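Visitor: I am in my first year and would like to be guided through a protein model, one question at a time. Could you show me the sequence and the structure before we begin?

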Amino acid sequence: MKIIELIKSRRTIKKFRSELVDENLVKTWLDAAAMAPNHRMTEPWEIIFIGPETRGKLNHKTNFGNAPTLLAVLSRHGATKVETEENFAATACFIQNFNLAAWSEGVGTFWSSIGITGQNRALLSVPDHYDLLGVLAIGYPEMIPEPKPRTPIDNKLKFLP
Ligand SMILES: Cc1cc2nc3c(=O)[nH]c(=O)nc-3n(C[C@H](O)[C@H](O)[C@H](O)COP(=O)(O)O)c2cc1C
């Protein structure tokens, strides 16, 4: 699949089949995701595989669409506010790389910011010097939704002289 097709066909998946996703495959996608751009090579991302006991304590009304795999993605703070923001941006690139790598092999993801509440930070033992970008629910899609239309890109463009 061409990269543009891959990007345009990706959807946030909210209902998953129960079939397990091979952990080695997930690690392959994480490894690819780590090629994300990151200023000063800080590689600020950290990934937590959330096991069933911890998952049971997380507060999410849909149980993450019954996804068989759940990861939390953290981003380390930098020495300054700017470095922390750069790290945050790099970790977002990491997540989207991961989403696309998984999607290229028929596996869907749901990036949920549910995890960023204080209560869930504590449940996931997120250290104070890390941002929690969210929880990624991962699995084979039960249902692939229609695309959500985007504003024509021309409406978002400005040209400076
Ligand atoms: C940082 C971030 C947090 C998100 N958190 C949630 C969430 O808590 N609940 C939710 O339903 N969708 C969440 N989403 C998914 C968006 O709702 C979804 O990307 C958007 O509706 C567009 O759909 P699409 O990804 O299928 O194109 C999140 C996406 C991002 C990037």
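Guide: What follows is a set of questions about this protein, each with a reasoned answer. Residues are numbered from 1 along each chain as its sequence is written. The model is predicted, so local features need pLDDT of at least 70 and side-chain atom pairs count only at pLDDT 80 or more, while totals for chains, interfaces and linings use all residues.

Visitor: How many helices and strands does the protein have?

Guide: Helices (H or I, at least four residues) and strands (E, at least two) are taken as DSSP runs, numbered from the N terminus. Read from the N terminus on, the elements follow the order α-α-β-α-β-α-β-α-β. The secondary structure therefore comes to five helices and four strands.

Visitor: What is the radius of gyration of the protein, and what does the globule rule give for 161 residues?

Guide: The radius is taken over C-alpha atoms, and the globule rule is 2.2 Å times the number of residues to the power 0.38. Along the principal axes, the C-alpha atoms fill a box of roughly 55 × 40 × 30 Å. The protein is as compact as a globular protein of its length, because its radius of gyration is close to the value from the rule: 17 Å, against 15 Å for 161 residues.

Visitor: At what angle do the axes of α2 and α4 cross, and which class of angle is that?

Guide: Axes are lines fitted to C-alpha atoms, for helices over the stretch in contact, and angles run from 0 to 180 degrees between N-to-C directions. The axes of α2 and α4 (residues 81-103) come within 8 Å and cross at roughly 135 degrees. Angles under 35 degrees count as roughly parallel, over 145 as roughly antiparallel, 65 to 115 as roughly perpendicular and the rest as oblique. That places α2 and α4 in the class called oblique.

Visitor: How many nonpolar, polar and charged residues does the contact of α2 with α4 have?

Guide: Two residues are in contact if their C-beta atoms, placed from the backbone, lie within 7 Å. By that rule, W29, L30, A32 and A33 in α2 meet F94, N97, F98, A101 and A102 in α4. Here Ala, Val, Leu, Ile, Met, Phe, Trp, Tyr, Cys and Pro count as nonpolar, Asp, Glu, Lys and Arg as charged, and the others, Gly among them, as polar. The contact has eight nonpolar, one polar and no charged residues.

Visitor: Is S112 buried or exposed?

Guide: S112 lies in strand β3 (residues 108-112), and, leaving aside its neighbours within four places in sequence, S112 is in contact with F64, G134, V135 and A137. A residue is buried if 20 or more other C-beta atoms lie within 10 Å of its own, exposed if 12 or fewer, and partly exposed in between. Because S112 has 20 other C-beta atoms within 10 Å, S112 is buried.

Visitor: Where is R40 found, and what is its phi near?

Guide: Most residues other than glycine have a negative phi. R40 is found in the loop between α2 (23-33) and β1 (45-49), and R40 counts as exposed because it has 12 C-beta neighbours inside 10 Å. Its phi is positive although R40 is a residue other than glycine, and the value is near 65 degrees.

Visitor: What is the phi of N66?

Guide: N66 is found in the loop between α3 (52-57) and β2 (69-76), and with 14 C-beta neighbours inside 10 Å it counts as partly exposed. N66 is not a glycine, yet its phi is positive, at about 60 degrees.
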